[in-house]
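Me: Please take a close look at the metal site in this model. I would like one connected account of what holds the metal and how that part is built.

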Amino acid sequence: MSTDEIMELALKLAGLKEIPEDSAIYTGGKNIRKILFGIDAGSPELLLAKQLGYDAVIAHHPVGGKAAVNSYKVFKRHIQQMVAAGIPENEAEKAVGKKLKQMEVEAHTRNYDHSVDVARLLKMPYMNIHTPLDEVGRRKMSEQINSKIRRNSTVQDVVSALKELPEFRKATTEIKIRVGNAGNPAGKAVVSHGAGTNGGYDIAKAYFNHGIGTLIYIHISPADLERIKADGKGNLIVTGHIASDSVGINPFIHELEKRDVSATTIGVVPR
Ligand SMILES: [Fe+2]
Ligand SMILES: [Fe+2]
């Protein structure tokens with residue numbers, strides 16, 4: 001496969017038409033049969049791939065070029081997820097605004113071409129696929145919850161439904177109920193993922209103010225968690241970053257293998 005075909009495959013799995021701002025092909029290549037895939041993959045992994053005879057390196061998290069500088073833009077995807085959950089659009093935009101601006105400011109700090117230059121020197125095809133695979137993971141987690149949860153389900157039932165996914169069973173991290181109690185009624189549950197990063201305090205607050213009983217994040221900062229707790233509203237389940245990323249990555253690896261492309265993963269929780 002070529003790097004273009006690999007990106008196309010990821011977009012197709014996610015139901016996306018365009019490459020999101022946090023994903024990119026840095027150095028293109030063709031006839032790729034053997035991939036080194038890392039949740040994070042930079043210069044050391046590029047060198048390792050060269051030494052071990054891989055044809056390409058794929059990272060999940062954005063590493064360089066425009067994908068490093070513009071990745072904050074995919075945070076706006078929270079708006080469509082919130083609107084789909086019944087939050088008025090203007091409220092969703094308000095909830096996204098502050099963190100979006102902070103992320104844009106923060107993006108200026110990045111040494112965006114470092115590992116891309118290393119890939120060029122090594123002539124190693126190099127790309128990253130972030131939002132498409134997180135979107136695959138979000139859908140998988142949502143479908144899993146929706147297929148198991150009934151009107152009278154508890155927060156623990158949501159956790160148990162998620163734990164049926166092999167990645168969560170095998171991960172070293174555990175799914176945690178960070179706000180609320182296991183025995184609480186779950187109410188309407190929403191998986192908030194596939195929008196660059198977690199929605200922090202403002203987005204959680206908007207969900208809880210608009211009828212969502214249980215919100216699922218893959219990670220959260222301790223500071224945001226304290227603020228959500230202080231409000232005393234809603235249940236927050238945090239599923240674990242790497243385990244949750246793996247839920248979206250593994251189906252993609254499987255599709256590559258079906259196309260005779262083998263992949264060695266670094267950091268991914270196996271199925
Ligand atoms: Fe991810
Ligand atoms: Fe991630």
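Reply:

**The iron site**

In this predicted model, the four donor atoms around the iron ion (ligand 1) subtend angles of 57 to 134°, and the arrangement is therefore irregular. For four tetrahedral donors the ideal angle would be 109.5 degrees. The protein donors of this iron ion (ligand 1) are NE2 of His 60, OD atoms of Asp 134, which is listed twice, and an OD atom of Asp 245, and they lie 2.0 to 2.4 Å from the metal. Because donors are counted without water, which is not among the atoms, the site may look incomplete.

Along the chain, the donors of the iron ion (ligand 1) follow the spacing H-x73-D-x110-D. His 60 sits in the loop between β3 (56-59) and α3 (65-69), whereas Asp 134 belongs to helix α7 (residues 131-148), so this pair ties together parts that are 74 residues apart in sequence. Both His 60 and Asp 134 are buried. Asp 245 has a further role in the geometry, since the iron ion (ligand 1) and the iron ion (ligand 2) are 3.1 Å apart and Asp 245 coordinates both.

Turning to the helices, the axes of α4 (residues 77-84) and α5 (residues 89-107) come within 9 Å and cross at roughly 140°, and this crossing is right-handed. The contact involves His 78, Ile 79, Met 82 and Val 83 on α4, together with Glu 89, Ala 92, Glu 93, Ala 95 and Val 96 on α5. Sorted by class, the residues in this contact of α4 with α5 are six nonpolar, one polar and two charged.

Technical notes: Residues numbered from 1 in each chain as written. Chains lettered and ligands numbered in written order. Predicted model: local features only at pLDDT ≥ 70, side-chain atom pairs only at ≥ 80, totals over all residues. Heavy atoms only, no water. Axes fitted to C-alpha atoms, helices over the stretch in contact; angles between N-to-C directions. Helix = DSSP H or I, 4+ residues; strand = E, 2+ residues; numbered from the N terminus. Left-handed = near helix turned anticlockwise from the far one by under 90°. Contact = heavy atoms within 4.5 Å. Nonpolar A, V, L, I, M, F, W, Y, C, P; charged D, E, K, R; others polar. Donors = N, O, S within 2.8 Å, 3.2 Å for Na, K, Ca; no water. Tetrahedral: all angles 85-135°; square planar, octahedral: opposite > 155°, others 65-115°. Buried < 20%, exposed > 50% of the residue type's maximum accessible area, 1.4 Å probe, protein only.
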